Amino acid sequence: MSQLEELYQEIVLEHYSRPRNFKKLEGANRSAQGYNPFCGDKITVYLKIEDGVIADVGFQGSGCVISKATASLMTESVKGKRQEEAVEIFHSFHNMLTRPPGSDFDNERLGDLEILAGVSEFPIRVKCAVLCWHTLRAALEQKHQTVSTE
Amino acid sequence: MTNSAASKSVAERPPLIQDIARIREDFPILKQTVHGKPLVYLDNAATTQKPQVVIDTLVRYYTTENSNVHRGVHYLSEQATQDYESARTKIRRLLNASDDCEIIFTRGATEGINLVAHSYGRQHIGEGDEIIISAMEHHSNIVPWQILCQEKGARLRVIPINDDGELLMDDYAKLLGHRTKLVSIVHLSNSLGTINPIEQIVEMAHSYGVPVLVDGAQAVPHLPVDVRRLGCDFYVFSGHKLFGPTGIGAVYGRAELLDSMPPYQGGGDMIKSVTFEKTLYNSLPYKFEAGTPNIAGAIGLGAAIDYFTALELDKICAYEHELLKYGTKRLSTIGSLRLIGTAREKAGILSFVIEGIHAHDIGTILDSEGIAIRTGHHCTQPVMDRFGVPATARASLAFYNTKADIDALVKGLDRVLEIFS
Ligand SMILES: Cc1ncc(COP(=O)(O)O)c(C=O)c1O
């Protein structure tokens, strides 16, 4: 599989065209907006937090394959997790994307997010993949301003 | 060059396509491969490639001539000063300005606009005054005016555009009035390719006594520019978009206006005499060139202008117009593709979106085929908003591009569609 084929593999494209949890969440008690001025990607992440647990999560927005598919996979991975766990998943995910080319990474917490490992070969696209995570974190911290990857 | 003029010269004298192969030899970077594929460089609106003579000129300058200008009595300084000043003369001739003193070196178009905003703008624009720009401006022709407006309590007015990306001239006429103090407008749009009717815009502004700045960053490499025929008061451009080095460009300003304007920055070179009580400013153009300038850059730009003008601009225009027509035709065969920017008067730019596919993904997939295009908002976010798209993919042409480059682009787009099918 070429780097490009890995980046645009079927399952990634499938999450892009049929994103999971792609909705404004009814009863959300946290939300935040993210914006990547470099490519014009916009995202809103909605959370329903109950006793420190992400009981439900949704997102809306427009963006490239990487940003949308990552957001879709992110919502699946953080649903039902404690807030701190979600942040730890983000750290593992970030480490996977920014690791030196060809090196291994710790996939323990990543689950399906591992299919995005190929993004690390496209450094300029890492921003697209972390936008939703920065936005999630802003929502967790209940920051109201728009976060930006620039 | 208008479409009709271009097509006429095409008919009279077909572009010398056989020459293009020879011209491409002058650009060493074009021989490269990228990701194992021959480079197809279609990002000329971002920056152009440099011919070997420009590269050699920079090397020669640093190897045999490096010294400061206007300061030394020694041989090297004299040589450098001579070459630096002769680059100014080359710019003056390229733009057909009347005097070398009307050409001020800057870092590029952005600094040129900021110079005018700072100097002319602060002097002449006050509370309640208005500055007119258009809906297709580069951020560099929006933000300096916003800063000025904020500082002075002035107001920015924007000429709207139609769905083809053409200025609505009737709206412009309505915006002009006794409050208008300056019109600042792009000659050739970097995101739409539209060529604006500068002569008419200037004439209308002048009937209110309003000066006009023209952003020629994209126009100079693609159109004949004659500042006296255009009648404009200021004209700015960047050397790196004209096959020259980065970090150098120029402002043309009418001498009379420049003379009455305060300096832009203070420092060495821009003064005649300094005491702690009083400083006498230098004469034009040095009044606006504080500090050691980008000497190598200016001389390199001079070499680029020599190279460019030797190619004969009318032939280049006709050839590029042919390429644009060919590209438009080829891209139009892709059903899900929509061209953004379809003005009748257009040059060099193929901006587009493909339904359901983000421009960024198009860019990444084309890059893997060795094809360099730009994706994003092209520093024209208001244009993206106007057309309701987050970003476009943009192929921008130069005279060293060929129909084969367009074919490669179309083939690359087939690959994009295949991946997304
Ligand atoms: C129309 C236009 N104006 C101004 C600029 C700014 O030029 P520079 O960044 O070289 O100062 C550009 C560059 O992209 C442009 O396309």
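**Exercise 1. Read the order of elements in chain A and judge its overall form.**

From the N terminus on, the elements of chain A follow the order α-α-β-β-β-α-α-α-β. Here helices (H or I, at least four residues) and strands (E, at least two) are DSSP runs, numbered from the N terminus.

The model is predicted: local features need pLDDT of at least 70, side-chain atom pairs count only at pLDDT 80 or more, and totals for chains, interfaces and linings use all residues. Residues are numbered from 1 along each chain as its sequence is written, chains are lettered from A and ligands numbered from 1 in the order in which they are written, and side-chain values use heavy atoms, with hydrogens and water left out.

Step 1. Count the elements: chain A has 5 helices and 4 strands.

Step 2. Compare the radius of gyration with the rule. For chain A the radius is 14 Å, close to the 15 Å that the globule rule gives for 150 residues, so chain A is as compact as a globular protein of that length. The radius is taken over C-alpha atoms, and the rule is 2.2 Å times the number of residues to the power 0.38.

Step 3. Add the box: along the principal axes, the C-alpha atoms of chain A fill roughly 45 × 30 × 25 Å.

Step 4. Look at burial: 51% of the 150 residues of chain A count as buried. Buried means under 20% relative accessible area, exposed over 50%, and partly exposed in between (1.4 Å probe, protein chains only).

**Exercise 2. Place Thr135(A) and find a partner for its side chain.**

Step 1. Thr135(A) sits in helix 5 (residues 126-140) of chain A.

Step 2. Thr135(A) counts as buried because its relative accessibility is 0%.

Step 3. A polar atom of the Thr135(A) side chain lies 2.7 Å from the backbone oxygen of Leu131(A). A polar contact is a pair of N or O atoms within 3.5 Å; within protein, one must be able to donate a hydrogen and the other to accept it, and residues adjacent in sequence count only if both atoms are side-chain atoms.

**Exercise 3. Compare Asn21(A) and Asp51(A): which is buried and which is exposed?**

Step 1. Most residues other than glycine have a negative phi, and most peptide bonds are trans.

Step 2. Asn21(A), not a glycine, has a positive phi of about 55°. Asn21(A) is in the loop between helix 2 (10-17) and strand 1 (30-36) of chain A.

Step 3. Asp51(A) has a positive phi near 50°. Its loop runs between strand 2 (41-50) and strand 3 (53-62) of chain A.

Step 4. Asn21(A) is buried because its relative accessible area is 15%, whereas Asp51(A) is exposed because its value is 75%.

**Exercise 4. Describe the polar partners of the ligand.**

Step 1. The residues of the shell around the ligand divide into 3 nonpolar, 7 polar and 2 charged. Ala, Val, Leu, Ile, Met, Phe, Trp, Tyr, Cys and Pro count as nonpolar, Asp, Glu, Lys and Arg as charged, and the others, Gly among them, as polar.

Step 2. An oxygen atom of the ligand lies 2.7 Å from a side-chain N or O atom of Ser238(B). For a side-chain N or O atom of Lys241(B), the distance to a ligand oxygen atom is 2.6 Å.
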